[in-house]
Amino acid sequence: MHDSNTAGRCGHLVRRPFHRPLLFRFARSAGLKSVMTSVGNALPGEAFEAGFERAGQVLEKLSLQAADYGLKLHVEPTRTSILQDPDKAEAFTRLAPHLGYTLDLLHYQINGIGAEQVIRLLPFSGHLHIR
């Protein structure tokens, strides 16, 4: 089913097989506090900055939709996404202030970024992935 409530285009967020409000209601009825999606990348032929801003707008709108159901929306910053380093992930919080992070330090450490640089993302995180 196409989710016609999604404004803008965010690569993987354009189409989903499930209707998001239904999933938000399901998560809330299960007593969950948060849901998670992927942040994605710039679309083919799209400049990084344009994709970064577009993703911020789409994820902020989706975060507000989740909040209507009492949920916090999270994404996991990874080295292969538009949040490929802590500076970009921190800047993204200004575009999508209602979005939270599922933080996995290994995603950055694998590229040689130390934990001391990544932990500054903890205030924006609602879930910490430990290994």
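Which elements make a right-handed β-α-β unit? In this predicted model, the unit is made by β2, α3 and β3, and these elements offer a convenient path through the structure.

The strands come first. Strand β2, which spans residues 72-75, runs parallel to β3, and two bridges join them; within this pairing, valine 75 of β2 has tyrosine 101 of β3 as its bridge partner. On β3 there is also a pairing with β4, again in the parallel sense, this time over three bridges, and here threonine 102 stands opposite histidine 127 of β4. Strand β3 itself, residues 100-103, is covered on both of its faces, since Gly100 and Thr102 on one side are buried, as are Tyr101 and Leu103 on the other. Tyrosine 101, the bridge partner of valine 75, and threonine 102, which stands opposite histidine 127, therefore belong to opposite faces of β3, and both are buried.

From the strands the path leads to the charged side chains, where the count comes to four salt bridges. One of them joins aspartate 85 to lysine 88, with the closest N and O atoms 3.2 Å apart. The two partners differ in their surroundings: aspartate 85, at 18% relative accessibility, falls under the 20% limit and so counts as buried, whereas lysine 88, at 26%, counts as partly exposed.

Another salt bridge brings together the side chains of aspartate 87 and arginine 120, at 2.3 Å from N to O. This pair links distant parts of the chain, for aspartate 87 lies in helix α3 (residues 86-95) and arginine 120 in the loop between α5 (115-118) and β4 (125-128), 33 residues apart. Aspartate 87 is exposed, with a relative accessible area of 52%, while arginine 120, at 29% relative accessibility, counts as partly exposed.

Arginine 120 also forms a salt bridge with glutamate 90, the closest N and O atoms being 2.7 Å apart. Because glutamate 90 is in helix α3 and arginine 120 is in the loop between α5 and β4, this pair ties together parts that lie 30 residues apart in sequence. Glutamate 90 has a relative accessibility of 26% and counts as partly exposed. Through salt bridges that share partners, Asp87, Glu90 and Arg120 are joined into one network.

Seen together, helix α3 takes part in the right-handed β-α-β unit with β2 and β3, and it also holds glutamate 90, whose partner arginine 120 sits in the loop between α5 and β4; strand β4, in turn, pairs with β3 in the parallel sense.

How values were computed. Residues are numbered from 1 along each chain as its sequence is written. This is a predicted model: local features need pLDDT of at least 70, side-chain atom pairs count only at pLDDT 80 or more; totals for chains, interfaces and linings use all residues. Side-chain values use heavy atoms; hydrogens and water are left out. Buried means under 20% relative accessible area, exposed over 50%, partly exposed in between (1.4 Å probe, protein chains only). Helices (H or I, at least four residues) and strands (E, at least two) are DSSP runs, numbered from the N terminus. Two strands pair if DSSP finds at least two bridges between them. A crossover is right-handed if, with the strands pointing away from the viewer, the path from the first strand over the helix to the second runs clockwise.
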